[in-house]
Amino acid sequence: MTRSSFLLLVLLAAGAQAAEPQNFLFMGGGDVAANSVLLSRPDIDGAQVVYSWKQLEPTQDHYDFSGVESDLAIAQRLNKKLFIQVQDRFFMHEHRGVPRYLLEEPSYSGGLAPQTNQDAERNADGSGWVTMQWNPAVRARFQTLLGALAKQFDGRIYGINLPETSFDIDPGKPPGGFTCEGYFEAEVENIRHARKVFQKSHVVQYVNFWPCGWGDDHGYFTRFFEMAEREHIGVGGPDVVPGRPGQMQNSYPFLNRYKDKVPLVAMAVQDATLTYINPATRKRFTQAEFVAFARDYLGVDVIFWDVSSPWLNR
(Lines give C-alpha, C1' and ligand atoms only; values in the text may rest on other atoms or scores of the structure.)
Protein backbone atom coordinates (compact mmCIF):
# COMPACT_ATOMS: atom_id res chain seq x y z
CA MET A 1 0.00 0.00 0.00
CA THR A 2 1.33 3.42 -0.97
CA ARG A 3 1.58 6.33 1.42
CA SER A 4 -1.20 8.23 -0.38
CA SER A 5 -3.62 5.29 -0.41
CA PHE A 6 -2.93 4.65 3.27
CA LEU A 7 -3.74 8.27 4.11
CA LEU A 8 -6.95 8.03 2.09
CA LEU A 9 -7.99 4.93 4.01
CA VAL A 10 -7.34 6.66 7.33
CA LEU A 11 -9.40 9.68 6.26
CA LEU A 12 -12.29 7.50 5.14
CA ALA A 13 -12.23 5.64 8.45
CA ALA A 14 -12.03 8.83 10.45
CA GLY A 15 -15.20 10.09 8.81
CA ALA A 16 -17.35 7.68 10.84
CA GLN A 17 -15.91 7.54 14.35
CA ALA A 18 -17.43 4.82 16.50
CA ALA A 19 -17.34 4.09 20.23
CA GLU A 20 -13.99 3.55 21.90
CA PRO A 21 -12.96 -0.12 22.11
CA GLN A 22 -12.42 -1.81 25.43
CA ASN A 23 -8.77 -2.47 26.28
CA PHE A 24 -7.85 -6.01 27.31
CA LEU A 25 -4.37 -7.33 28.03
CA PHE A 26 -3.23 -10.16 25.77
CA MET A 27 -1.39 -12.57 28.05
CA GLY A 28 -0.72 -15.32 25.53
CA GLY A 29 -0.26 -18.39 27.65
CA GLY A 30 1.27 -16.22 30.35
CA ASP A 31 0.68 -15.63 34.00
CA VAL A 32 -2.21 -13.34 34.91
CA ALA A 33 -0.90 -13.03 38.45
CA ALA A 34 2.45 -11.74 37.17
CA ASN A 35 0.64 -8.99 35.27
CA SER A 36 -1.87 -8.07 37.96
CA VAL A 37 -0.43 -4.55 38.34
CA LEU A 38 -1.08 -3.82 34.65
CA LEU A 39 -4.46 -5.50 34.84
CA SER A 40 -5.51 -3.31 37.76
CA ARG A 41 -5.10 -0.10 35.74
CA PRO A 42 -8.35 1.85 35.32
CA ASP A 43 -7.92 2.01 31.53
CA ILE A 44 -7.77 -1.81 31.28
CA ASP A 45 -11.06 -3.71 31.12
CA GLY A 46 -9.86 -7.28 31.21
CA ALA A 47 -7.44 -9.97 30.03
CA GLN A 48 -7.29 -12.53 27.25
CA VAL A 49 -5.48 -15.77 28.02
CA VAL A 50 -4.62 -18.61 25.62
CA TYR A 51 -5.04 -22.20 26.83
CA SER A 52 -3.92 -25.14 24.71
CA TRP A 53 -6.20 -28.13 24.27
CA LYS A 54 -3.65 -30.24 26.16
CA GLN A 55 -3.72 -27.88 29.15
CA LEU A 56 -7.48 -28.18 29.37
CA GLU A 57 -7.69 -31.91 28.70
CA PRO A 58 -4.45 -33.58 29.85
CA THR A 59 -5.88 -37.08 29.32
CA GLN A 60 -9.02 -38.28 27.61
CA ASP A 61 -12.18 -37.11 29.41
CA HIS A 62 -10.10 -35.71 32.27
CA TYR A 63 -10.41 -31.93 32.26
CA ASP A 64 -8.22 -29.57 34.21
CA PHE A 65 -9.71 -26.08 34.30
CA SER A 66 -7.79 -25.00 37.39
CA GLY A 67 -5.71 -22.53 35.37
CA VAL A 68 -8.82 -20.84 34.03
CA GLU A 69 -10.34 -20.75 37.51
CA SER A 70 -7.18 -19.19 38.93
CA ASP A 71 -7.00 -16.53 36.21
CA LEU A 72 -10.73 -15.80 36.52
CA ALA A 73 -10.42 -15.38 40.31
CA ILE A 74 -7.67 -12.78 39.86
CA ALA A 75 -9.66 -10.92 37.21
CA GLN A 76 -12.78 -10.90 39.37
CA ARG A 77 -10.85 -9.71 42.41
CA LEU A 78 -9.66 -6.74 40.33
CA ASN A 79 -13.17 -6.22 38.90
CA LYS A 80 -11.95 -7.13 35.40
CA LYS A 81 -13.23 -9.44 32.65
CA LEU A 82 -11.66 -12.62 31.28
CA PHE A 83 -11.62 -13.74 27.64
CA ILE A 84 -10.25 -17.21 26.91
CA GLN A 85 -8.81 -18.58 23.65
CA VAL A 86 -8.81 -22.33 23.12
CA GLN A 87 -5.73 -23.11 21.05
CA ASP A 88 -5.78 -25.97 18.57
CA ARG A 89 -2.88 -24.85 16.32
CA PHE A 90 0.76 -24.23 17.06
CA PHE A 91 3.50 -22.28 15.33
CA MET A 92 6.70 -24.06 16.31
CA HIS A 93 7.62 -27.60 15.34
CA GLU A 94 8.21 -28.69 18.94
CA HIS A 95 4.80 -27.46 20.14
CA ARG A 96 2.12 -30.14 19.95
CA GLY A 97 -0.41 -28.94 22.48
CA VAL A 98 -3.12 -31.58 22.09
CA PRO A 99 -3.86 -34.56 24.34
CA ARG A 100 -1.67 -37.57 23.74
CA TYR A 101 -4.57 -39.84 22.84
CA LEU A 102 -5.21 -37.74 19.72
CA LEU A 103 -1.66 -38.42 18.57
CA GLU A 104 -1.71 -42.14 19.29
CA GLU A 105 -5.17 -43.60 18.72
CA PRO A 106 -5.80 -44.70 15.09
CA SER A 107 -9.27 -43.12 14.81
CA TYR A 108 -7.71 -39.65 15.01
CA SER A 109 -5.23 -40.24 12.14
CA GLY A 110 -2.36 -38.66 14.06
CA GLY A 111 -4.38 -35.74 15.40
CA LEU A 112 -2.11 -33.03 13.99
CA ALA A 113 -1.14 -32.01 10.46
CA PRO A 114 2.04 -30.07 9.66
CA GLN A 115 1.87 -26.45 8.64
CA THR A 116 4.31 -24.72 6.33
CA ASN A 117 5.92 -21.51 7.54
CA GLN A 118 3.14 -18.98 8.04
CA ASP A 119 5.35 -15.96 8.56
CA ALA A 120 8.74 -16.52 6.96
CA GLU A 121 9.08 -12.76 6.62
CA ARG A 122 9.40 -12.39 10.40
CA ASN A 123 10.16 -15.88 11.66
CA ALA A 124 12.40 -17.84 9.33
CA ASP A 125 12.30 -20.89 11.61
CA GLY A 126 8.54 -20.93 12.06
CA SER A 127 6.38 -23.91 11.18
CA GLY A 128 4.11 -25.93 13.40
CA TRP A 129 0.91 -27.91 13.44
CA VAL A 130 -2.83 -27.62 13.08
CA THR A 131 -5.35 -29.96 14.68
CA MET A 132 -7.12 -32.10 12.08
CA GLN A 133 -10.57 -30.69 12.74
CA TRP A 134 -11.72 -32.02 9.36
CA ASN A 135 -11.55 -35.50 10.91
CA PRO A 136 -15.03 -36.03 12.46
CA ALA A 137 -13.61 -38.00 15.40
CA VAL A 138 -11.18 -35.19 16.28
CA ARG A 139 -13.87 -32.58 15.88
CA ALA A 140 -16.23 -34.49 18.18
CA ARG A 141 -13.60 -34.50 20.91
CA PHE A 142 -12.98 -30.77 20.49
CA GLN A 143 -16.66 -30.02 20.75
CA THR A 144 -16.89 -32.15 23.87
CA LEU A 145 -14.17 -29.95 25.37
CA LEU A 146 -16.13 -26.81 24.44
CA GLY A 147 -19.20 -28.26 26.10
CA ALA A 148 -17.29 -28.99 29.31
CA LEU A 149 -15.90 -25.46 29.34
CA ALA A 150 -19.36 -23.99 28.83
CA LYS A 151 -20.80 -26.04 31.67
CA GLN A 152 -18.27 -24.54 34.08
CA PHE A 153 -17.71 -21.04 32.70
CA ASP A 154 -20.67 -19.83 30.63
CA GLY A 155 -21.68 -16.45 31.99
CA ARG A 156 -18.66 -16.33 34.29
CA ILE A 157 -16.14 -15.45 31.58
CA TYR A 158 -16.72 -12.45 29.32
CA GLY A 159 -16.01 -14.42 26.17
CA ILE A 160 -14.33 -17.30 24.39
CA ASN A 161 -12.64 -17.23 21.00
CA LEU A 162 -11.37 -19.90 18.66
CA PRO A 163 -8.06 -19.16 16.95
CA GLU A 164 -7.34 -17.91 13.46
CA THR A 165 -8.65 -19.72 10.39
CA SER A 166 -5.34 -19.23 8.56
CA PHE A 167 -3.58 -22.52 7.84
CA ASP A 168 -0.67 -22.89 5.43
CA ILE A 169 -0.59 -26.26 3.68
CA ASP A 170 1.81 -27.68 1.15
CA PRO A 171 -0.49 -27.98 -1.90
CA GLY A 172 1.70 -30.75 -3.25
CA LYS A 173 1.27 -32.78 -0.05
CA PRO A 174 -2.11 -32.06 1.52
CA PRO A 175 -2.67 -33.72 4.92
CA GLY A 176 -4.57 -36.98 5.05
CA GLY A 177 -8.30 -36.52 4.58
CA PHE A 178 -7.95 -32.77 4.05
CA THR A 179 -10.13 -30.90 1.59
CA CYS A 180 -10.60 -27.16 1.38
CA GLU A 181 -14.34 -27.45 1.80
CA GLY A 182 -13.96 -29.96 4.63
CA TYR A 183 -11.68 -27.58 6.53
CA PHE A 184 -14.09 -24.67 6.07
CA GLU A 185 -17.09 -26.71 7.18
CA ALA A 186 -15.20 -27.98 10.25
CA GLU A 187 -14.34 -24.45 11.37
CA VAL A 188 -17.95 -23.37 10.89
CA GLU A 189 -19.28 -26.37 12.79
CA ASN A 190 -16.94 -25.78 15.75
CA ILE A 191 -17.84 -22.13 16.22
CA ARG A 192 -21.54 -22.88 15.81
CA HIS A 193 -21.17 -25.51 18.54
CA ALA A 194 -19.40 -22.98 20.76
CA ARG A 195 -22.31 -20.58 20.22
CA LYS A 196 -24.79 -23.33 21.07
CA VAL A 197 -23.17 -24.29 24.39
CA PHE A 198 -22.14 -20.78 25.47
CA GLN A 199 -25.49 -19.08 25.91
CA LYS A 200 -24.33 -16.10 28.00
CA SER A 201 -20.65 -15.40 27.27
CA HIS A 202 -19.49 -13.84 24.00
CA VAL A 203 -18.37 -16.28 21.31
CA VAL A 204 -15.83 -15.11 18.71
CA GLN A 205 -14.13 -16.75 15.74
CA TYR A 206 -10.81 -15.30 14.61
CA VAL A 207 -11.10 -15.29 10.83
CA ASN A 208 -8.21 -13.80 8.88
CA PHE A 209 -7.34 -16.00 5.86
CA TRP A 210 -8.56 -19.30 4.45
CA PRO A 211 -6.33 -21.99 2.94
CA CYS A 212 -6.68 -22.93 -0.74
CA GLY A 213 -7.18 -19.44 -2.07
CA TRP A 214 -6.88 -15.70 -1.68
CA GLY A 215 -9.56 -13.26 -0.76
CA ASP A 216 -13.05 -14.61 -1.32
CA ASP A 217 -11.99 -17.03 -4.08
CA HIS A 218 -14.30 -19.79 -2.87
CA GLY A 219 -16.84 -17.60 -1.12
CA TYR A 220 -15.55 -18.62 2.29
CA PHE A 221 -15.56 -15.10 3.72
CA THR A 222 -19.02 -14.34 2.34
CA ARG A 223 -20.44 -17.60 3.65
CA PHE A 224 -18.77 -17.29 7.03
CA PHE A 225 -19.80 -13.71 7.73
CA GLU A 226 -23.37 -14.34 6.57
CA MET A 227 -23.50 -17.26 9.02
CA ALA A 228 -21.98 -15.15 11.82
CA GLU A 229 -24.61 -12.47 11.36
CA ARG A 230 -27.44 -14.98 11.20
CA GLU A 231 -26.31 -16.95 14.27
CA HIS A 232 -25.05 -14.05 16.40
CA ILE A 233 -21.41 -15.07 16.43
CA GLY A 234 -18.65 -12.55 17.05
CA VAL A 235 -15.68 -12.18 14.72
CA GLY A 236 -12.14 -10.86 14.91
CA GLY A 237 -8.54 -11.68 14.23
CA PRO A 238 -5.03 -11.90 15.64
CA ASP A 239 -3.70 -8.67 14.10
CA VAL A 240 -4.78 -5.06 13.82
CA VAL A 241 -2.43 -3.69 11.15
CA PRO A 242 -3.79 -0.48 9.61
CA GLY A 243 -4.16 -0.79 5.85
CA ARG A 244 -1.96 -3.89 5.51
CA PRO A 245 -2.39 -5.10 1.90
CA GLY A 246 -2.81 -8.82 2.61
CA GLN A 247 -5.53 -8.29 5.17
CA MET A 248 -7.17 -5.60 3.02
CA GLN A 249 -7.63 -8.27 0.35
CA ASN A 250 -9.00 -10.83 2.80
CA SER A 251 -10.75 -10.34 6.14
CA TYR A 252 -10.65 -6.57 6.69
CA PRO A 253 -13.29 -5.53 4.12
CA PHE A 254 -15.67 -8.12 5.57
CA LEU A 255 -15.04 -6.91 9.11
CA ASN A 256 -15.82 -3.40 7.88
CA ARG A 257 -18.99 -4.52 6.13
CA TYR A 258 -20.32 -6.60 9.01
CA LYS A 259 -19.12 -4.52 11.98
CA ASP A 260 -22.68 -3.43 12.83
CA LYS A 261 -24.23 -6.82 12.03
CA VAL A 262 -22.40 -9.12 14.46
CA PRO A 263 -22.57 -8.98 18.27
CA LEU A 264 -18.85 -8.37 18.91
CA VAL A 265 -15.66 -7.63 17.00
CA ALA A 266 -12.53 -8.49 18.99
CA MET A 267 -8.99 -8.16 17.61
CA ALA A 268 -5.44 -8.29 18.91
CA VAL A 269 -2.33 -6.15 18.79
CA GLN A 270 0.26 -8.83 19.54
CA ASP A 271 4.04 -8.55 19.82
CA ALA A 272 4.70 -9.06 16.10
CA THR A 273 2.00 -6.52 15.25
CA LEU A 274 3.88 -3.90 17.22
CA THR A 275 6.82 -4.13 14.80
CA TYR A 276 4.91 -3.04 11.68
CA ILE A 277 5.73 0.31 10.08
CA ASN A 278 3.21 2.99 9.20
CA PRO A 279 3.92 3.85 5.54
CA ALA A 280 2.73 7.41 6.10
CA THR A 281 5.15 8.19 8.95
CA ARG A 282 7.80 5.49 8.33
CA LYS A 283 7.69 4.78 12.04
CA ARG A 284 6.02 2.04 14.01
CA PHE A 285 2.30 2.45 14.47
CA THR A 286 1.28 4.30 17.61
CA GLN A 287 -1.47 3.36 20.02
CA ALA A 288 -3.67 6.13 18.57
CA GLU A 289 -3.15 4.85 15.01
CA PHE A 290 -4.01 1.27 15.97
CA VAL A 291 -7.12 2.44 17.81
CA ALA A 292 -8.34 4.76 15.06
CA PHE A 293 -8.18 2.05 12.39
CA ALA A 294 -9.62 -0.63 14.67
CA ARG A 295 -12.45 1.58 15.86
CA ASP A 296 -13.44 3.42 12.71
CA TYR A 297 -12.76 0.96 9.88
CA LEU A 298 -12.92 -2.47 11.50
CA GLY A 299 -15.57 -1.61 14.09
CA VAL A 300 -13.61 -3.28 16.88
CA ASP A 301 -15.30 -3.49 20.29
CA VAL A 302 -12.38 -5.10 22.15
CA ILE A 303 -8.64 -4.78 21.52
CA PHE A 304 -6.34 -7.38 23.06
CA TRP A 305 -3.05 -5.51 23.66
CA ASP A 306 0.18 -7.42 24.11
CA VAL A 307 1.59 -6.70 27.55
CA SER A 308 4.77 -5.38 25.86
CA SER A 309 2.84 -2.56 24.13
CA PRO A 310 4.82 0.66 24.67
CA TRP A 311 1.84 2.67 25.92
CA LEU A 312 1.32 0.14 28.71
CA ASN A 313 4.89 0.43 29.90
CA ARG A 314 5.56 4.14 29.91
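Strands β5 and β6 (residues 128-131) pair in the antiparallel sense over 4 bridges, where two strands count as paired if DSSP finds at least two bridges between them. Within this pairing, Leu112 stands opposite Thr131 of β6. The model is a predicted one, in which local features need pLDDT of at least 70 and side-chain atom pairs count only at pLDDT 80 or more, whereas totals for chains, interfaces and linings use all residues. Residues are numbered from 1 along each chain as its sequence is written, and side-chain values use heavy atoms, with hydrogens and water left out. Helices (H or I, at least four residues) and strands (E, at least two) are DSSP runs, numbered from the N terminus.

The β5-β6 pair belongs to an open sheet of 3 strands with the order β4-β6-β5 and antiparallel pairing. β4 (89-90) and β5 (112-115) stand at the edges with a single partner strand each, so one side of each has no neighbour in the sheet.

A second arrangement of strands is closed. In the order β1-β2-β3-β7-β8-β9-β10-β13, 8 strands form a barrel with parallel pairing. From one strand to the next, the twist averages 25°; axes are lines fitted to C-alpha atoms, for helices over the stretch in contact, and angles run from 0 to 180 degrees between N-to-C directions. One of the pairings in the barrel is that of β3 (residues 81-87) with β7 (residues 159-162), which run parallel and are joined by 3 bridges. Here Gln85 has Asn161 of β7 as its bridge partner. Helix α11 (residues 287-296) lies across β10 (265-269) and β13 (302-306), contact meaning heavy atoms within 4.5 Å. The helix runs at about 150° to β13.

Helix α6 (residues 136-153) can be followed from end to end. At its start, a side-chain oxygen of Asn135 reaches to within 2.8 Å of the backbone nitrogen of Ala137. The helix has 18 residues and reaches 25 Å from its first C-alpha to its last, close to the 26 Å expected at 1.5 Å a residue; the expected span is 1.5 Å times one less than the number of residues. After α6 comes Gly155, with a positive phi near 85°. Buried residues of α6 include Val138, Phe142, Leu145, Leu149 and Phe153, where buried means under 20% relative accessible area, exposed over 50%, and partly exposed in between (1.4 Å probe, protein chains only). An α-helix has 3.6 residues a turn, so residues three or four places apart point the same way.

Two arginines of α6 take part in salt bridges, each defined as a side-chain nitrogen of Lys or Arg within 4 Å of a carboxyl oxygen of Asp or Glu. Arg141 forms one with Asp61, the closest N and O atoms being 2.8 Å apart. Because Arg141 lies in α6 and Asp61 in the loop between α3 (53-56) and α4 (66-77), this pair ties together parts that are 80 residues apart in sequence. Arg141 is buried, with a relative accessible area of 11%. Arg139 meets Glu189 in a salt bridge of 3.1 Å, N to O. Glu189 lies in helix α7 (residues 180-197) and Arg139 in α6, so the parts tied together are 50 residues apart in sequence. Arg139 counts as buried at 13% relative accessibility, while Glu189 is partly exposed at 36%.

A further salt bridge joins the side chains of Asp296 and Arg295 at 2.7 Å, N to O. Both residues, Asp296 and Arg295, are buried. Through shared partners, salt bridges join Glu20, Arg295 and Asp296 into one network. The whole structure holds 13 salt bridges.

Helix α8 offers a view of a buried residue, Ala228, whose relative accessibility is 0%. Ala228 touches Ile233, Val235 and Val262, not counting residues up to four places away in sequence. Its C-alpha atom is separated by 8.9 Å from that of Pro263, although Ala228 and Pro263 are 35 residues apart along the chain.

Two loop residues have a positive phi without being glycine. Cys212, with a phi of about 80°, is placed in the loop between β8 (202-206) and α8 (220-231). At 28% relative accessibility, Cys212 is partly exposed. Arg282 has a phi near 60° and is found in the loop between β11 (277-278) and β12 (283-284). Its relative accessibility of 71% makes Arg282 exposed.

Technical notes. Polar contact = N/O pair within 3.5 Å; in protein donor to acceptor, adjacent residues only side chain to side chain.
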